[in-house]
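Here are my notes on the sheets in this model. Please read them with the structure open.

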Amino acid sequence: MKCQVSCAALVGLCGVVSLVACSESTGQDNPSTVSISITSPQTQSYVNGSVEVTVAVTGEVSRVELLANDIVVGESDVAPFSLTWDTSSEEEALYRLRAVAHGPGGEQQSSAELLIIVDRTPPTLDIANLSLPYVLSGTETIELASGDDNELASLSLVIDGVEQPGCTVTSCQVLWDTLTVADGPVELSARAADAAGNVTTLVRPVAVVNDGTVLTFSDGSGSGSYFIPAQWASLDLHKKYHIDMPTGVTEMVTIGQWYEATWQMQLDVGTGFCPDSGTTYLQ
């Protein structure tokens, strides 16, 4: 069948099509039926940074535009059509995302709109039930507290390099038997991710002391505590806060708390008495 009429009269004679270009000069059919849809991301997705948008197109198309809130944010003339939307300069808000196909004769066809949320704010994260000093023994409950303005995607807790069971997308409470590790410093590593891919990590060293000695001192000028595992020799705490290492002892674990506003604590490691000798690593 040949189109001998204008495109406006096409409905009654040529049938209804999505996108049609008619050539009156040659009298020949030149159909260009197009369908277009965004296949990735999905509607109601959370995104941040550079977002790869995949568009599925059938039919003859010269180029595809990507629009966010009716503003062109990307364009491609190469099939298969994959466009990049850089959201780094966009406000954190809800956007209407759609793709528009342009035919060789200037025809246009638009995809359905997707609702996309730009989110660059990472979730909050804390180890909820730990307080100073971070000295643990026996069975301890480690609980993560996390939140996000939009949607959390995952929570995880790693203790001494081992990821722990007991975490879900929205909560994490782990019963940790500290007897499974040696007395000494142990690293707790928490991680929270939201649906947009923003990540917050928290690393907290703790001291495990199941079989050890706790030394404390206070005389009104300041106070502190030292936690020494049993397999390391106990230290003798002197009046002026000098600690002599017994012969053969080369390691110790300490967690110091200092409550003095008028002068600083100085901690030196070396031979002799500070501040006359030794190497200062905390002041």
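1. Start with the sheet in the order 12-14-17. This sheet is open, has three strands and pairs in the antiparallel sense. Keep in mind throughout that the model is predicted.

2. Look next at the edges of that sheet. They are strand 12 (124–127) and strand 17 (172–177). Each has a single partner strand, so one side of each is left without a neighbour in the sheet. From one strand to the next, the twist averages 15°.

3. How many bridges join strand 14 and strand 17? There are six, and the pairing is antiparallel. Strand 14 covers residues 139–147. For a landmark, find Leu144: across from this residue, in strand 17, is Cys172.

4. Now turn to the sheet in the order 3-5-8. Three strands make up this open sheet, and they pair in the antiparallel sense.

5. Which strands stand at the edges here? They are strand 3 (35–40) and strand 8 (81–86). Strand 3 and strand 8 each have a single partner strand, so one side of each lacks a neighbour in the sheet. The twist in this sheet averages 30° from one strand to the next.

6. Check the pairing of strand 3 with strand 5 as well. Strand 5 spans residues 50–58. Five bridges link the two strands, which run in the antiparallel sense. One position to locate is Ser40, with Thr54 of strand 5 standing opposite.

7. To recap for your own figure: the strand orders to label are 12-14-17 and 3-5-8. Mark the average twist on each, 15° for the sheet with strand 12 and strand 17 at its edges and 30° for the sheet with strand 3 and strand 8 at its edges.

Key:
Residues are numbered from 1 along each chain as its sequence is written. This is a predicted model: local features need pLDDT of at least 70, side-chain atom pairs count only at pLDDT 80 or more; totals for chains, interfaces and linings use all residues. Side-chain values use heavy atoms; hydrogens and water are left out. Two strands pair if DSSP finds at least two bridges between them. Helices (H or I, at least four residues) and strands (E, at least two) are DSSP runs, numbered from the N terminus. Axes are lines fitted to C-alpha atoms, for helices over the stretch in contact, and angles run from 0 to 180 degrees between N-to-C directions.
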